[in-house]
Amino acid sequence: MKTASALVFSLLLFIQLSATAQDMEKMNKNELRDYAILLLGKIDSLNAQITTLQASENQLNQALATSEEKNKANLAEIQKLTALTVKTQKELERVVAEKDAVITTLNKDVLLLKDSIATLQTALLTDTSSPAADGSDFLNSYFFKPFPLENNSFSLVLSKVIFGTSNNSNNEYYNQQNEIQSLPEILPAEALTYWGVKPKVKITDGTEFNDFLAAQTEAYYNARLPKIQIYKNKLLTIVNKDGKEESFLFTANVLDDEDANNQRSVFQFSLVSEEANSDEDYDQPKNLTWRFFAIQNEVYLALNYAQLSRINSELQEAGSIEAFSEYYERVVMATDFDSDYRQTTTGNGVYLSRKKDTFMKESLYIDPSELIFLFKLK
C-alpha cells in the first residue's frame, strides 16, 4: 500500500513538473524559491493524506480480520447448534418411544390388576382358605404339597411369639360374671429384647443379675439356634452352635381332621432318635414331635420352651447365670453372686423381655415358659 501511494505521489509530481517546466525557465530565483515552498507544502499535504489513507487501510484490514473471526465463530456456533438440534430430535424420539412402551406396559398391568382383583373377590366370596401369602416360602409351599427333602439345610428363624394364654372365670362356681380375665397376643419377634450374657465376666461382691447382660436383637438369638439338615427324606440332623449333632429318623405327615387347629390342617415332623434312652434319660425323652400350624396367611413351626430347651436353644429364666466355678471346677447356674465361689460367666444364655410400649407401665423379663415360639425354616 505504501508503494502504491508513493507511485501516485510521483505521478502527480511528474505531471505538475511537466506542466510548469516551461514557466520555471522564465522564473527568477525568488519566484523559484516561492514555487519550491509551494511544492513542499503540497508534498506535506499529500504525505498527510497518504498517512490518513494508510490508517484507514489498517482499520479496514483490522475490521476485516475481526469480521472473518466472527464469521468463523458464527459458523462454529451454527454447526454446534445444528448438531444439538439433531441430538435433541433423536432424544425426543427416544423419550416418546419409551413413553409409548411404558403406557403399553401400564395398560397391561392395569388389565392384570383388574383380573387379579376380580379373582381375589371371587376367592373371598367362595373360598375362605386363602392361599399362602408367600409361595416361595418353604413352609407355605410344603404345607400344601409335601415334597421329598433329598438334601436340604435350614436355619431356624424366629418370626413371632404367642404371649400368654386365654383365661376366663366361667369355671368358677361362685363367679356369675364369667368375665374374660386374659387373652394371648401374637407379637412379632422384634417386639422382644434378647438379652445376651457378657462372656468371661468375673462374679464379684455387689454384682447383680443385670450387670452380666447386654441387650441384643432377634438376629442375635437366631444366630445361636441350631441348624437343621435333612438327607434323603429320611434322616434329620440337628447341628448345635458348638458343632455337636443329634440325628433322628424323620417322617412327615398331615394329621387327621380331628386334630385340626381352628378348622385348619396341621402337619408334623415325627423325629425318632437314633440313640436309645439310658437310665439317666428317663425323664427326657429322646424322640421329638414338631408340629406346623397355619396362622393367618403363613405356616410356622410352633415350639414351646421345653422343646427349645431339648435342642439347646440357650433360653433361660431370669435370675441365674451360667458360669464356670473354680470352686466346683465345673459349669454351674449361678444364683448367688458371691465372689467366694470364684465364678466367671461362660457367655451362654439368652433372656427375654418385652419392649415397653404406650400400654405398659414397665418392661419386665419374661418367663419363656409363658411363650409359644413360631419359627420359619429358611
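1. The note opens with T193, a residue that counts as buried because its relative accessibility is 13%, below the 20% limit for that class. T193 belongs to strand β5. Leaving aside neighbours within four places in sequence, T193 is in contact with A215, Q216, Y351, L352, S353 and K355. The model discussed here is a predicted one.

2. Strand β5, residues 192-197, also contains Y194, which forms an aromatic pair with Y221 of helix α4, residues 218-224. The ring centres are 5.9 Å apart and the planes meet at 15°, so this pair is stacked; the limit for stacking is an angle under 30 degrees. The two partners are 27 residues apart, and the pair links distant parts of the chain. Y194 and Y221 are both buried.

3. A second aromatic pair joins F209 and Y351, with 5.2 Å from centre to centre and 85° between the planes, an edge-to-face arrangement. F209 sits in the loop between β5 and β6 (213-216), while Y351 is part of strand β16 (residues 350-354), so the pair ties together parts of the chain that are 142 residues apart in sequence. F209 counts as buried because its relative accessibility is 12%. Y351 is likewise buried, at a relative accessible area of 1%. Y351 is also one of the contacts of T193.

4. In total, the structure holds 20 aromatic pairs. Ring pairs connect F138, Y142, F143, F144, F147, F154, F250, F267, F269 and F292 into a cluster.

5. Which residues have the most contacts inside the largest nonpolar core? They are L236, F269, W290, F292, L352, F373 and F375, in a core of 44 residues. Apart from this core lies another, of 10 residues, which includes V197, F209, A334 and Y351. As general background, nonpolar side chains tend to be buried together in soluble globular proteins.

6. F292 deserves separate mention, as it appears both in the ring cluster and among the residues with the most contacts inside the largest core. Not counting residues up to four places away in sequence, F292 touches L139, V266, F267, Q268, F269, V299, Y300, L301 and L377. Among these contacts, F267 and F269 are also members of the ring cluster.

7. Two charged side chains sit over aromatic rings. The charged end of R330 is placed over the ring of Y328, 5.3 Å from its centre. K376 lies over the face of Y300, with 4.9 Å to the ring centre. Y300 is also in the list of residues touched by F292.

8. The largest pocket holds about 580 Å³ of space. Its lining consists of 23 residues, of which N240, D242, S309, N312 and S313 are the closest to the pocket centre. Three elements, β9 (245-254), α5 (305-310) and β14 (330-334), each supply at least two residues of this lining.

9. Is E370 buried, partly exposed or exposed? E370 counts as partly exposed because its relative accessibility is 42%, a value between the 20% and 50% limits. E370 is found in the loop between β17 (365-366) and β18 (371-377). Residues up to four places away in sequence aside, E370 touches I162, F163 and G164. From C-alpha to C-alpha, E370 and Y305 are 8.1 Å apart in space, although 65 residues apart in sequence.

Note on methods: Residues numbered from 1 in each chain as written. Predicted model: local features only at pLDDT ≥ 70, side-chain atom pairs only at ≥ 80, totals over all residues. Heavy atoms only, no water. Core = buried A, V, L, I, M, F, W, Y, C linked by side-chain atoms within 4.5 Å. Buried < 20%, exposed > 50% of the residue type's maximum accessible area, 1.4 Å probe, protein only. Contact = heavy atoms within 4.5 Å. Phe/Tyr/Trp six-rings, centres within 6.5 Å; stacked < 30°, edge-to-face > 60°. Helix = DSSP H or I, 4+ residues; strand = E, 2+ residues; numbered from the N terminus. Lys NZ or Arg CZ within 6 Å of the ring centre and 35° of its normal. 1 Å grid on protein atoms, 1.4 Å probe; cavity = no way out; pocket = protein on both sides within 12 Å on 5 of 7 lines; lining within 4 Å. Points joined across faces, edges and corners; volume = space filled by probe spheres on them.
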